[in-house]
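Student: Could we go through this structure together? I would like to see how each label is earned.

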Amino acid sequence: MSVNEQNIRDIVKEVMAKLQLADENTGSQRGVFSQMDEAIAAARESQKIIRRMSMDQREQIISSIRKKTRENAEILARMGVEETGMGNIPHKILKHQLVAEKTPGTEDIKTVAWSGDRGLTLVEMGPFGVIGAITPCTNPSETIICNTIGMIAGGNTVVFNPHPAAVKTSQFAIDMLNRASVEAGGPDHIACTVAAPTLESSNILMKHPGIQLIVATGGPGVVTAVLSSGRRGIGAGAGNPPALVDDTADLRKAAEDIVNGCTFDNNLPCIAEKEIVAVESTVSELMHYMVEEQGCYLLSAEEADRLASVVLTPKGLNRKCVGRDAKTLLSMIGVSVSDNIRCITFEGPKEHPLIAEELMMPILGVVRAKDFDDAVEKAVWLEHGNRHSAHIHSKNIDNITKYAKAIDTAILVKNAPSYAALGFGGEGYCTFTIASRTGEGLTSAATFTKRRRCVMSDSLCIR
Ligand code: NAD
């Protein structure tokens, strides 16, 4: 095996970072416990410290987390791709940088006040306590770091039950978060987990009396489990975002934006474009730009059916295909393409399994609609009532408004790639937990707080 200089540099960098992060005394990772009960007890102790800290002290911990996330972005990206086999390193680096820069901290915690003849009333945002968080394998460390920043800003600590397929990456991130806290003068164990997370440990977490709020980020199974747990829960569930293109769109830009969004981290983000619904008059020109300028491979009808039988099994998604790049997916059906191919496309009915299912692969089926109203109807059907994300390319504000009302999603991006919704090439903050099912939308520190009214009657109004 030949090892080039860049490989050696990468390995040395990774080993150095791991050594730096390894616990000097025990060699174990901070925040990782053998039993869920122990993890919750440790997070409870650290929460007692966090809730007594000033907002300024909490902000210092968050600054330290941001710094360490930037420093470790490449390592976390590499680990995520190596462990899960999903996504790609350059895009995962960008995702970590985005989390470090744009996840809201304590500035998100705002007090509301009424003052008048009868005194002063405040509504202040207080911590829940210890939060139980269940995280996906698609954005493992991104979600853990983003959740922790928001939860700490709100005065909570957190116990994670990460996806078993991303356990090493998740534990590495949790260790990093605790080191960031200790270095900034905060407590250890602001984020905890178990050595071997399972569905059983997830159930213990969901039912434990020491947990005051559950935040689940993942597919329909976990969100339903959380909502059936009898506890207060925030559910960030699945999506199947359609990108609608009407006859007023800049079709060349629409093709570029949609393919950029769809191929970002090999289509792993839940907000990413999963299919296109295009008004009839736009289809051939749009697909021309996608194929000729944006690196899309055009499948024949027979290849589309063959690909469907590979990526979807009778039991559901073939996990070996999720988050893989277009070239790898095509090689699975015996089609060899150049490195320039970054996406797969074909025209088909909305019921085609490659279109109707949430695949998390760079496959963009195009559904033809006879007019705008038909396009809206088809897009709403394809979103399956998840109320998660949808996108539109149009210059007609009446059409945009009509679509927004009909599809009623937590996110609607207009004339940009889907990732603009996360503050990447768009305004606004970043999150990797979009609470579509329970309605909080894009979560942030304020989401992880409870409102408390504090009333002073007939005093302290100095107007
Ligand atoms: P997944 O549902 O397989 O797993 C998510 C987490 O839930 C994991 O920790 C898993 O161990 C746990 N889990 C699954 N079923 C469970 C059950 N019955 N009881 C308790 N825990 C359970 O999802 P994934 O493959 O890791 O991630 C992809 C899915 O998550 C996609 O559907 C995607 O749209 C969604 N997602 C949503 C958001 C969002 O913010 N709304 C963000 C990322 C991913």
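Tutor: Happily; we will take two helices, a pocket and a few single residues in turn. Keep in mind that this is a predicted model.

Student: Let us begin with H8. Which residues of H8 are buried?

Tutor: Within H8, which runs over residues 199-207, the buried ones are Ser-201, Ser-202, Leu-205 and Met-206.

Student: What puts them on the same side of H8?

Tutor: Their arc around the axis is only 140°, and therefore they sit on the same side of the helix. The general rule helps here: an α-helix has 3.6 residues a turn, so residues three or four places apart point the same way. Glu-200 and Lys-207 are exposed, on the face turned away from the buried side of H8.

Student: What do the buried residues of H8 pack against?

Tutor: Their partners are two helices, H2 (36-52) and H9 (220-227), along with strands E4 (130-135), E5 (157-162), E6 (191-194) and E7 (213-217).

Student: And at the start of H8, what does the side chain of Thr-198 reach?

Tutor: A side-chain oxygen of Thr-198 comes to within 3.2 Å of the backbone nitrogen of Glu-200. The cut-off for a polar contact is 3.5 Å, so this pair falls inside it.

Student: Now H16. What makes its buried residues line one face of the helix?

Tutor: The residues in question are Asn-399, Ile-400, Tyr-403 and Ile-407. Looking down the axis of H16, they fall within an arc of 100°, so they line one face. Ile-397, Asp-398 and Lys-405 are exposed on the other side of H16.

Student: What covers the buried residues of H16?

Tutor: The cover includes helix H15 (372-383) and three strands, E9 (242-245), E16 (389-393) and E17.

Student: What happens at the start of H16, and what just after the helix?

Tutor: At the start, a side-chain oxygen of Asn-396 lies within 2.8 Å of the backbone nitrogen of Asp-398. Just after H16, Asp-408 has a positive phi of about 55°. Asp-408 belongs to the loop between H16 (397-407) and E17 (411-414).

Student: Why is Asp-408 called partly exposed?

Tutor: Its relative accessible area is 46%. Buried means under 20% and exposed means over 50%, so Asp-408 falls in between.

Student: Why does Leu-460 count as exposed, then?

Tutor: Leu-460 has 57% relative accessibility, which is over 50%, so the label is exposed. Leu-460 is in the segment after strand E20 (449-457). Its phi is near 65°, a positive value in a residue other than glycine.

Student: And what makes His-352 buried?

Tutor: At 11% relative accessibility, His-352 is under 20%, so buried is the right word. His-352 sits in the loop between strand E14 (343-347) and helix H14 (353-356).

Student: How do you know that the side chain of His-352 makes a polar contact with the side chain of Asp-305?

Tutor: The distance is 3.3 Å, and the limit is 3.5 Å, so the pair qualifies. Leaving out residues up to four places away in sequence, His-352 touches Ala-304, Asp-305, Ala-308 and Phe-346.

Student: How accessible is Gly-126, and which residues does Gly-126 touch?

Tutor: Gly-126 is at 0% relative accessibility, so this residue of strand E3 (119-127) counts as buried. Apart from residues up to four places away in sequence, Gly-126 touches Gly-154, Thr-449, Lys-450 and Arg-452. Gly-126 and Phe-448 are 322 residues apart in sequence, with 8.7 Å between their C-alpha atoms.

Student: Last, the largest pocket. How much space lies there, and which residues lie nearest its centre?

Tutor: The space is about 750 Å³. Of the 37 lining residues, His-163, Gly-218, Gly-219, Val-222 and Arg-319 lie nearest the centre. Two or more lining residues come from each of E4, E5, H8, H9 and strand E13 (316-317). H9 gives the largest share, three residues.

Student: How do the lining residues divide by type?

Tutor: The lining has 17 nonpolar, 17 polar and three charged residues.

Technical notes. Residues numbered from 1 in each chain as written. Predicted model: local features only at pLDDT ≥ 70, side-chain atom pairs only at ≥ 80, totals over all residues. Heavy atoms only, no water. Buried < 20%, exposed > 50% of the residue type's maximum accessible area, 1.4 Å probe, protein only. Helix = DSSP H or I, 4+ residues; strand = E, 2+ residues; numbered from the N terminus. Arc of directions from axis to C-beta. Contact = heavy atoms within 4.5 Å. Polar contact = N/O pair within 3.5 Å; in protein donor to acceptor, adjacent residues only side chain to side chain. 1 Å grid on protein atoms, 1.4 Å probe; cavity = no way out; pocket = protein on both sides within 12 Å on 5 of 7 lines; lining within 4 Å. Points joined across faces, edges and corners; volume = space filled by probe spheres on them. Nonpolar A, V, L, I, M, F, W, Y, C, P; charged D, E, K, R; others polar.
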